[in-house]
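Visitor: Hello! I am new to protein structures, and I would like a close look at one part: the place around the ligand. Could you walk me through it slowly?

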Amino acid sequence: MKKQKVVIIGAGPAGLTTGYELLKDEDKKYEVVILEETEEIGGISKTINYKGNRMDIGGHRFFSKNNEVMEFWEELMPLQGKDSFDDKKLHRHKKLKKGGVRSRDRKQCNAS
Ligand SMILES: Cc1cc2nc3c(=O)[nH]c(=O)nc-3n(C[C@H](O)[C@H](O)[C@H](O)COP(=O)(O)OP(=O)(O)OC[C@H]3O[C@@H](n4cnc5c(N)ncnc54)[C@H](O)[C@@H]3O)c2cc1C
């Protein structure tokens with residue numbers, strides 16, 4: 001079967017998630033090309049590396065009132081399943097869910 005070519009302009013969260021969803025299609029019927037005008041992907045949500053320090057220049061936490069959106073991010077990036085570097089350094093103890101987001105965080109996210 002000939003694949004349907006899809007061209008997406010911009011490799012920010014919207015472009016990347018659109019490409020990801022299309023490539024998940026069971027029939028594999030899409031060929032996806034993402035065009036990005038800069039050298040990096042991530043759009044205004046990208047993380048930059050400045051002198052060895054990684055910094056989020058825009059979004060650093062995903063929140064939405066839409067459960068479908070939150071489930072998508074949870075599928076793609078299960079949140080904190082073990083202590084972060086900062087948590088260890090600052091002796092912060094958090095209740096962690098193996099490989100996933102805590103329900104308390106989910107409620108905070110949806111309240112935003
Ligand atoms: C300071 C700040 C904090 C934020 N905090 C959060 C947060 O905590 N949580 C959250 O969920 N959201 C947050 N946001 C919002 C979030 O960053 C944006 O909603 C999200 O990045 C939008 O994604 P996007 O793909 O639509 O656009 P963008 O991120 O703007 O990506 C668009 C991409 O398209 C490229 N592009 C544009 N025109 C062309 C072209 N003609 N040809 C090729 N490429 C092109 C751009 O270079 C860019 O890479 C924050 C934003 C800012 C600025």
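Guide: Here is a tour that begins at the ligand and moves outward along the chain. The model is predicted, so local features are described at a pLDDT of at least 70, side-chain atom pairs count at pLDDT 80 or more, and totals for chains, interfaces and linings use all residues. Residues are numbered from 1 along each chain, as its sequence is written.

Around the ligand there are 20 residues, and the closest are Gly-10, Gly-12, Ala-14, Gly-43 and Gly-59. A residue is near a molecule if its C-beta atom, placed from the backbone, lies within 6 Å of it. This shell divides into eight nonpolar, nine polar and three charged residues. Here Ala, Val, Leu, Ile, Met, Phe, Trp, Tyr, Cys and Pro count as nonpolar, Asp, Glu, Lys and Arg as charged, and the others, Gly among them, as polar.

Helix α1, residues 13-23, gives the most to the shell, with three residues. Helices (H or I, at least four residues) and strands (E, at least two) are DSSP runs, numbered from the N terminus.

Let us pause at Pro-13, which is found in α1. Pro-13 counts as partly exposed because it has 18 C-beta neighbours inside 10 Å. On this scale, 20 or more other C-beta atoms within 10 Å make a residue buried, 12 or fewer make it exposed, and partly exposed is in between, with C-beta atoms placed from the backbone. Leaving aside neighbours within four places in sequence, Pro-13 is in contact with Gly-43 and Ser-45; contact means that the C-beta atoms, placed from the backbone, lie within 7 Å. The C-alpha atoms of Pro-13 and Lys-46 are separated by 8.9 Å, although the two residues are 33 apart along the chain.

Now look at strand β1, residues 4-9: the number buried among its six residues is zero, so β1 lies largely in the open. Strand β2, residues 30-35, pairs with β1 in the parallel sense over six bridges; two strands pair if DSSP finds at least two bridges between them. From β1 the chain crosses through α1 to β2, and this β-α-β crossover is right-handed. That term means that, with the strands pointing away from the viewer, the path from the first strand over the helix to the second runs clockwise.

On the loop between α1 and β2 you will find Lys-28. Lys-28 is exposed because it has 11 C-beta neighbours inside 10 Å.

Terms used. Two residues are in contact if their C-beta atoms, placed from the backbone, lie within 7 Å.
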